[in-house]
Amino acid sequence: MSYPPPQGGGYPGYGGHSPQPGYQQPPPGQYPPQGYPPQQGYGAPPPQGPPQGYGQPQAYPPQGQYGQPPQQHGYPPQPPQQGYAQQQQPYGAPSHSPYPPQQQPYGAPPPQGQFPPQGQYPPQQHGQYPPQQGQYPPQQHQQQPPYGGPSAPYGAPPAQPYGAPPTMPTPPSPGYDPNQIAHVDMSGAADALRKAMKGFGTDESTLVRVLAHMTPQEIPALKQTYNQRHHRSLESDIESECSGYFEFALLAILRGPLQQDVWCLNNALKGAGTKEALLDDVLIGRSNADIRAIKAAYQQKYRRSLEADVKADLSAKTERMYLMILAASRQEESAPVLPQAVDADVTELHRATEAKTGTEQLTVCSILTSRSDGQIRAIAQAYEHKYRRALESVIRSEFAGHMEDALVRMVRSGADKAMRDAIALEDCMKGPGTKDERLTQRVTAVHWDRQHAAQVKGAYKHRFKKDLISRIKGETSGDYERILVAMLE
């Protein structure tokens, strides 16, 4: 189903969409084409139109454009997805499921409330996610085995079994490929920023206006142009002219998404104690390509491997869970979602949790850290259908502390990233006091993808019955408030 967004103006979209073709019956013994979308990262536009097919996440229309495709702008449109012709019910329509639906949007079943019959799960059409032009050159590496096949030893690269169909690697998110640099003239923006900080006083409104909507590809070009024209570091000037959380937000923007992730990971691991929530924000739900880019950038900046720092800071099963994530061996989003493999995972998750005394924690971690978003979505739906209990509720009852939070985030990432981020933003503001540093980091992470930011605002409105921007205005003030609001507008 889709949800109306909070009231407000529209924003320029990343590209149009093509209508989804109808679902055709497959030949005997074959699955129809898969309808799962590619992995969404910071900056990658989500598929447009009502979600279709078993396991699809919710779609929250952009603000001011409910029911309208966004105008073409910036990134090229995504290729059309295959899926069921049956669209999900509109918001507010009664459910026809014989079981109480899981709280939206964590993997609602199709409108009929039933899972597709055995043998009719659509497998992925391979090769339908081509790399974006000029952003992700083809890479030569081993292909992953089909979901549900024999697993390789822990830490070993995925092997390609004989006769297995190839999977298309998910490209890195915008800003995570060194070749992703905007070849545009940034002299006007650079001069405006210098003028705003030159002399007595600072024109904070100009800083907000220029920086709030910079794309990941424009940030490196802006900093380079600023240095060439004015022989100064833009980040150093921001540090000398601004202060507080306003400065914190501007520096988060100027680092760009990849270097901001690297900065956050170092901040989470340095000093006494570990900020596991910060590790979760950066690492969970990411594509293999993004994880590899993060590890390489971390190594380049700090001359230490990220895995070594995690091992030095964590221990026992929590350490092993994060090392599973850092292995970057998840199934790609182009990997097929096979019903037999989903059923096997559901049975294994139940056996490791509710079906016994004590919990096999690493079994649960191994499954959720190695499956794609589409597979996790299908597993969560099938688990609730079979055992009449939401998988997230099972995790909360069987786990505690940091591992509980991490596994819940994995399930939410597979089910609906927009709702996951909406809940995470509210967590920063609820209760006494505002977690300003975490709020700033999460708003900055969301804002890189304009389409995703609009989805998050729609999800927030649906879940909490209030406008996200109004909520942020009530928790912040001054220039700090203005930069956060501008990033989400």
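This briefing covers the nonpolar cores, two helix packing arrangements and two residues with positive phi. The model is predicted. Its largest nonpolar core holds 54 residues. A second, separate core holds 50. Helix α18 has its buried residues on the same side. Helices α3 and α4 are roughly perpendicular to each other.

**Nonpolar cores**

- Y322 and L407 touch the most other members of the largest nonpolar core, which has 54 residues.
- Beyond its neighbours within four places in sequence, Y322 is in contact with E276, L279, D280 and L283. V310, L314 and A406 complete that set of contacts.
- The second core is separate and counts 50 residues. Among them are M214, I219, I238 and A249.
- In soluble globular proteins, nonpolar side chains tend to be buried together.

**Helix α18**

- Helix α18 spans residues 468-475. Its buried residues are L468, I469, R471 and I472.
- These four residues cover an arc of only 160° around the axis, so they lie on the same side of α18.
- An α-helix has 3.6 residues a turn, so residues three or four places apart point the same way.
- The buried residues of α18 pack against four helices: α15 (417-429), α16 (436-447), α17 (450-464) and α19 (478-488).
- D467 sits at the start of α18. One of its side-chain oxygens comes to within 3.3 Å of the backbone nitrogen of I469.

**Packing of α3 on α4**

- Helix α3 covers residues 218-230, and helix α4 covers residues 234-241.
- The two pack at an angle of about 85°, with their axes 9 Å apart. Angles of 65 to 115 degrees count as roughly perpendicular, and α3 and α4 are therefore roughly perpendicular to each other.
- On the α3 side, L222, K223 and Y226 make the contact. On the α4 side, L234, E235 and D237 do so.

**Positive phi outside glycine**

- R303 has a phi near 60°, a positive value in a residue other than glycine. R303 lies in the loop between α7 (288-302) and α8 (306-313).
- The relative accessible area of R303 is 66%. Exposed means over 50%, so R303 is exposed.
- A316 also has a positive phi, near 55°, and is likewise a residue other than glycine. A316 belongs to helix α9, which runs over residues 316-326.
- A316 counts as exposed, because its relative accessibility is 55%.

Definitions and conventions: Residues numbered from 1 in each chain as written. Predicted model: local features only at pLDDT ≥ 70, side-chain atom pairs only at ≥ 80, totals over all residues. Heavy atoms only, no water. Core = buried A, V, L, I, M, F, W, Y, C linked by side-chain atoms within 4.5 Å. Buried < 20%, exposed > 50% of the residue type's maximum accessible area, 1.4 Å probe, protein only. Contact = heavy atoms within 4.5 Å. Arc of directions from axis to C-beta. Polar contact = N/O pair within 3.5 Å; in protein donor to acceptor, adjacent residues only side chain to side chain. Axes fitted to C-alpha atoms, helices over the stretch in contact; angles between N-to-C directions. Parallel < 35°, antiparallel > 145°, perpendicular 65-115°, else oblique.
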